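Q: Please take a close look at the largest nonpolar core. Which residues have the most contacts inside it, and which elements give two or more residues to it?

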Amino acid sequence: MVRIIRAVAGHPGIPEGLPILVSERMAIIEPAFSYLLEVATIPGRSHAAETVRTYAEHLHDWFDSLEQSGLEWQTIGEATIAAYRNRMLENPSPHTGRPYARSTVNDRIHTVCRFYTWARGRGWIDELPFHFVDVRVSSERRQSFLGHLHAGPSVVVANALTVSEHERLPRALRVDQLRLLFPRLDMPYRLMAEWALATGMRRKELCGLSVFQVPETAHLDADQNPLIGVALTITKGDRPRTTYPPIRLIDRTHRYIEEVRTPLTRAQRRRHADYRPPTALFLNSRGAAITRERLSAVFNEAFRAAGLTGSVHWLRHTFAMTMLVRLQRQALLTPDINPLKTVQVLLGHSSIQSTAIYLRCVELNERELASSIAYLYGELIPDGR
């Protein structure tokens with residue numbers, strides 16, 4: 001069985017924590033190691049640690065499949081990759097027990113093909129084990145939002161191994177759904193949900209928020225300063241970003257620090273002489289920083305308990321759509337406002353095309369979203385007292 005280990009500190013040129021694939025005999029899989037090292041370190045091409053980890057997980061599954069089948073990675077053909085793809089399409093994930101999403105299948109295939117393209121460029125293999133086909137882009141797609149920016153031909157080149165995906169628009173949570181969800185969340189997860197809902201922060205950003213980043217509000221007037229800028233230090237792609245939580249949410253966060261977090265860290269100090277409180281704002285019951293994996297697990301369970309479909313990321317979708325509706329209304333009175341560009345900045349999207357998908361969502365769900373706007377400012381969220 002192929003495994004993933006992590007590089008430890010002290011090896012020059014190898015980042016600490018770099019994922020390393022090893023065979024059943026604990027031998028490093030050299031081409032995968034070289035590829036991940038280059039992805040993680042080469043200037044101008046380096047990727048965020050989370051991206052490198054995702055690539056490593058995809059390659060781990062691929063090399064593990066090859067090892068179990070007794071195949072050498074450099075001798076396989078397109079049929080082998082196609083069989084790997086078909087296995088994912090026909091069988092549920094061994095980790096979740098649920099069918100693979102077609103987007104997940106394509107992501108893994110793209111990673112495998114990206115690796116082989118790199119290997120060919122580095123001389124590890126002589127030819128690619130896959131080919132490309134011409135795909136005609138429908139006129140509807142070319143006429144979509146920002147389609148005028150793409151003046152290229154209506155035929156594009158695509159990987160022959162990828163499968164078609166049905167467009168899945170992001171979903172926002174209605175007020176009645178939020179009322180069902182929040183009571184299923186204990187502290188500090190309920191407070192994290194409020195931050196996600198009011199600011200659109202990602203899991204990584206929520207877990208990376210520091211207690212020292214929470215601004216003081218005693219000198220501020222909520223009527224004059226309804227929102228407070230908080231500069232994030234941990235973001236996707238390490239791109240600078242400022243988020244704007246409402247002052248009432250900051251006040252609730254200070255209550256959490258005083259009534260929950262501080263007593264928790266003091267109790268841990270009494271029990272464990274070597275305990276040192278982490279800088280993370282949100283701590284679990286043992287006084288450790290909440291991980292993204294744990295955050296997802298708690299929210300998945302809360303959604304199930306509430307009888308809802310969704311994940312913690314749906315709170316980010318809800319923020320994006322409700323904020324877009326609110327800014328569109330404000331733009332009627334203040335034409336200088338660009339609602340879509342503003343939401344792009346607030347979400348931290350590198351491309352406005354990533355934000356543009358919310359326009360279609362708003363068109364389809366504007367009536368439901370109208371009643372959710374109040375949640376952005378804490379008018380309906382229980383304060384937890």
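**The largest nonpolar core**

A: The protein chain exposes about 21,300 Å², with carbon and sulfur atoms supplying 50% of it (Shrake-Rupley method, 1.4 Å probe; for residues, only the protein chains shown count as cover). This is a predicted model, in which local features need pLDDT of at least 70 and side-chain atom pairs count only at pLDDT 80 or more, while totals for chains, interfaces and linings use all residues. Residues are numbered from 1 along each chain as its sequence is written, and side-chain values use heavy atoms, leaving out hydrogens and water.

Of the 385 residues in the protein chain, 44% are buried (under 20% relative accessible area, 1.4 Å probe, protein chains only). The largest nonpolar core (buried Ala, Val, Leu, Ile, Met, Phe, Trp, Tyr and Cys joined through side-chain atoms within 4.5 Å) has 44 residues, and Trp195, Phe282 and Leu315 have the most contacts inside it. Two or more residues come from each of H6, H7, H8, S5, H9, H10 and H11 (DSSP runs numbered from the N terminus: helices H or I, at least four residues; strands E, at least two). H7 gives the most, 8 residues.

Leaving aside residues up to four places away in sequence, Trp195 touches Gly200, Met201, Leu206, Leu209, Pro245, Leu249, Ile250, Thr253 and Phe282 (heavy atoms within 4.5 Å).

The axes of H7 and H11 come within 6 Å and cross at roughly 35 degrees (lines fitted to C-alpha atoms over the stretch in contact; angles run from 0 to 180 degrees between N-to-C directions). Ala193, Ala196, Leu197, Ala198 and Thr199 of H7 meet Leu315, Arg316, Thr318 and Phe319 of H11.

How values were computed:
Buried < 20%, exposed > 50% of the residue type's maximum accessible area, 1.4 Å probe, protein only.
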